Amino acid sequence: MEAPSERSAESSPAEAETHIKSAHHILKSLQGKIGEHPEIGAAITKLEMALNILAVKTGGVL
């Protein structure tokens with residue numbers, strides 16, 4: 001069995017990507033239901049930026 005630190009070190013970027021993509025999808029869906037809203041647009045932009053930062057830090061392995 002893997003030590004918690006080993007498991008989290010290996011799966012963190014992939015887990016983060018999964019959560020970010022899920023949140024992005026939920027926000028886009030919500031935006032479609034209620035229309036354009038500045039706060040939703042800002043949240044989507046921040047998620048996209050976070051995903052890009054993760055991609056750069058992991059060398060695009062995401």
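**Exercise 1. Work out how much surface the protein exposes, and which atoms supply 62% of it.**

Solution. Start with the total: in this predicted model, the protein exposes about 4700 Å². Next, split that area by atom type: carbon and sulfur atoms supply 62% of it. Finally, turn from area to residues: of the 62 residues of the protein, 13% count as buried.

**Exercise 2. Decide how far the coordinates can be trusted, using the pLDDT.**

Solution. Begin with the whole protein, where the average pLDDT is 76 and 77% of the residues score at least 70. Then look for a weak stretch: over residues 5–9 the pLDDT is below 50. Beyond near neighbours in sequence, that stretch has one contact in the model. Where pLDDT is low, the predicted coordinates should not be read in detail.

**Exercise 3. Describe the secondary structure, then find the largest nonpolar core and the elements that build it.**

Solution. Count the elements first: there are two helices and zero strands. Now list the core, whose six residues are Ile20, Leu27, Ile40, Ile44, Leu47 and Leu54. Two elements give two or more residues to this core, namely helix 1 (4–34) and helix 2 (38–57). Helix 2 gives the most, with four residues. As a general background, nonpolar side chains in soluble globular proteins tend to be buried together.

To see one core member at work, take Leu47. Setting aside neighbours within four places in sequence, Leu47 is in contact with Ile20, Ala23, His24 and Leu27.

As a last step, ask how contacts spread along the chain. Among those between residues at least 6 apart in sequence, 47% join residues at least 24 apart.

**Exercise 4. Is Gln31 buried or exposed, and which residues is Gln31 in contact with?**

Solution. First place the residue: Gln31 lies in helix 1. Its relative accessible area is 11%, and the cut-off for buried is under 20%, so Gln31 is buried. Next, leave aside neighbours within four places in sequence; the contacts of Gln31 are then Glu36, Ile40, Gly41 and Ile44. With Glu36 there is also a polar contact, 3.1 Å between the two side chains.

**Exercise 5. Classify Thr18 and Lys28 by accessibility, and give a C-alpha distance for each.**

Solution. Take Thr18, which is found in helix 1. The relative accessibility of Thr18 is 53%, and exposed means over 50%, so Thr18 counts as exposed. Its C-alpha atom is separated by 9.7 Å from that of Leu51, 33 residues apart along the chain.

Now do likewise for Lys28, which also lies in helix 1. At 42% relative accessibility, Lys28 falls between the 20% and 50% cut-offs and therefore counts as partly exposed. Measuring along the sequence, Lys28 and Ala43 are 15 residues apart, while C-alpha to C-alpha they are 9.9 Å apart in space.

Notes:
Residues numbered from 1 in each chain as written. Predicted model: local features only at pLDDT ≥ 70, side-chain atom pairs only at ≥ 80, totals over all residues. Heavy atoms only, no water. Core = buried A, V, L, I, M, F, W, Y, C linked by side-chain atoms within 4.5 Å. Buried < 20%, exposed > 50% of the residue type's maximum accessible area, 1.4 Å probe, protein only. Contact = heavy atoms within 4.5 Å. Areas by Shrake-Rupley, 256 points an atom, 1.4 Å probe, with all protein chains shown as cover. Polar contact = N/O pair within 3.5 Å; in protein donor to acceptor, adjacent residues only side chain to side chain. pLDDT = per-residue confidence, 0-100.
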